[in-house]
Amino acid sequence: MAENCIFCRIVRGEIPSTTVYDSEEFIAFTDINPAAPVHLLVVPKRHIARLSEAVAEDEGLLGRFMLAIGEVVRKNNIGDYRLIINDGPGAGQTVFHLHAHILSGRQLGEKLL
Ligand code: AMP
Ligand code: ZN
């Protein structure tokens, strides 16, 4: 837990969020500034600042993170979607608590890859 981390504060219930999924290890809520009609953030409750700071001991957590993303998508009937993880300021990361963006609800045609 990081005292002033905004996502840790959401996990602790100190900041409101529109929660769409909540399990022992993960929470998902709507992005406050959506970039698509469906824009969810999936967040491990344990504070890891960014993906490249994850270590071997986080292997299980990261695997369950991917499975939780699938569960969020199924439970919210999202269908096809794009998954984005920004890792570091140069990639546009602004909240330094690992999270995955789920984007859906419009044609995501501007493919980078
Ligand atoms: P990133 O740029 O990958 O770090 O993404 C951070 C995301 O968190 C941005 O899309 C913000 O709009 C979103 N965000 C920041 N504060 C909140 C909040 N209190 N509730 C929901 N989403 C937030
Ligand atoms: Zn945090």
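## A tour of the largest pocket and the salt bridges

Start by selecting α1 (6-11) and β2 (26-30), each of which supplies at least two residues of the lining of the largest pocket. Helices (H or I, at least four residues) and strands (E, at least two) are DSSP runs, numbered from the N terminus. Before going further, note that this is a predicted model, in which local features need pLDDT of at least 70 and side-chain atom pairs count only at pLDDT 80 or more, while totals for chains, interfaces and linings use all residues. Residues are numbered from 1 along each chain as its sequence is written, chains are lettered from A and ligands numbered from 1 in the order in which they are written, and side-chain values use heavy atoms, with hydrogens and water left out.

**Stop 1: the pocket**

Rolling a probe the size of a water molecule over the atoms shows where empty space is left. On a 1 Å grid over the protein atoms alone, a pocket is an open set of points where a 1.4 Å probe fits, with protein on both sides within 12 Å along at least five of seven lines; lining residues have an atom within 4 Å of a point. The volume of the largest pocket is about 300 Å³, a volume being the space filled by probe spheres set on the points, which are joined across faces, edges and corners.

Now select F7, F29, D31, I32 and L41: of the 19 lining residues, these lie nearest the centre of the largest pocket. α1 gives the most to this lining, with 3 residues. Colour the lining by class and you should find 9 nonpolar, 9 polar and 1 charged residues. Here Ala, Val, Leu, Ile, Met, Phe, Trp, Tyr, Cys and Pro count as nonpolar, Asp, Glu, Lys and Arg as charged, and the others, Gly among them, as polar.

**Stop 2: I32 and H99**

Stay with I32, in the loop between β2 and β3. I32 is exposed, at 86% relative accessible area (buried means under 20%, exposed over 50%, partly exposed in between, with a 1.4 Å probe and protein chains only). For a distance to draw, try the C-alpha atoms of I32 and G92: they are 16 Å apart, with these positions 60 residues apart along the chain.

Next, select H99, in the loop between β4 (82-84) and β5 (100-104). H99 is buried, with a relative accessible area of 6%. A polar atom of the H99 side chain lies 2.7 Å from the backbone oxygen of H97. Leaving aside neighbours within four places in sequence, H99 is in contact (heavy atoms within 4.5 Å) with F7, L41, V42, V43, F65, I84, I85 and Q93.

**Stop 3: the salt bridges**

Side chains of opposite charge can pair when their charged atoms come close. How many salt bridges does the structure hold? There are 7, each a side-chain nitrogen of Lys or Arg within 4 Å of a carboxyl oxygen of Asp or Glu.

Select D22 and K45, whose side chains meet at 2.7 Å, N to O, in a salt bridge. D22 lies in strand β1 (residues 19-22) and K45 in the loop between β3 (38-44) and α2 (59-75), so the pair ties together parts that are 23 residues apart in sequence. D22 is exposed, at 52% relative accessibility.

Move on to E71 and K75, both in helix α2 and 4 residues apart, about one turn of the helix. Their closest N and O atoms are 3.4 Å apart, in a salt bridge. E71 is partly exposed at 28%, whereas K75 is exposed at 58%. Finish with R9, R12 and E14, joined into one network by salt bridges that share partners. Within this network, E14 and R12 form a salt bridge at 2.8 Å, N to O.

Definitions and conventions. Polar contact = N/O pair within 3.5 Å; in protein donor to acceptor, adjacent residues only side chain to side chain.
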